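Dear colleague,

I am handing over the structure below, together with some notes on the side-chain contacts found in it. Please read the notes with the coordinates open beside them.

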Amino acid sequence: MIHGKYEEKQPNEPGQFWSQQLQLFLGIYQQQLRFFTPEGVLVPTPEESAQAERQKNERLAAKLRELNIDPDTL
């Protein structure tokens, strides 16, 4: 919106719209409205970030167990 009036925007090549205020692109990913970085990388949702962190922790714990270290005692 500029001076109280809506301004028509054109999408970029992947069909995303730039938000100057957010400094992010808005686009559709798996039938959901999502944010994308200026480089076009999908911004993870809080749930996706938490899931990735859990997976990382599980991999690290498994590696510690391979080294005969109990991760629960650290």
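Please keep in mind that this is a predicted model.

I begin at Glu66, which counts as exposed with a relative accessibility of 58%. Glu66 forms a salt bridge with Lys63, and the closest N and O atoms of this pair are 3.4 Å apart. Lys63 itself is partly exposed, at 45% relative accessibility, and since the two residues sit three apart in helix H1, about one helical turn separates them.

This is one of two salt bridges that the structure holds. The other joins Arg34 to Glu48, with 2.6 Å between the closest N and O atoms. Here Arg34 belongs to strand E3 (residues 32–36) whereas Glu48 belongs to helix H1 (residues 46–66), so the pair ties together parts that lie 14 residues apart in sequence. Arg34 has a relative accessibility of 7% and therefore counts as buried, the cut-off being under 20%, while Glu48, with a relative accessible area of 34%, is partly exposed.

Turning to the rings, the count comes to one aromatic pair. The ring centres of Trp18 and Phe25 are 4.8 Å apart and their planes stand at 65 degrees, so this pair is edge-to-face, because planes over 60 degrees apart are classed that way. As for the surroundings of the two rings, Trp18 is partly exposed at a relative accessible area of 29%, whereas Phe25, at 14%, is buried.

With best regards

How values were computed
Residues numbered from 1 in each chain as written. Predicted model: local features only at pLDDT ≥ 70, side-chain atom pairs only at ≥ 80, totals over all residues. Heavy atoms only, no water. Salt bridge = Lys/Arg side-chain N within 4 Å of Asp/Glu carboxyl O. Helix = DSSP H or I, 4+ residues; strand = E, 2+ residues; numbered from the N terminus. Buried < 20%, exposed > 50% of the residue type's maximum accessible area, 1.4 Å probe, protein only. Phe/Tyr/Trp six-rings, centres within 6.5 Å; stacked < 30°, edge-to-face > 60°.
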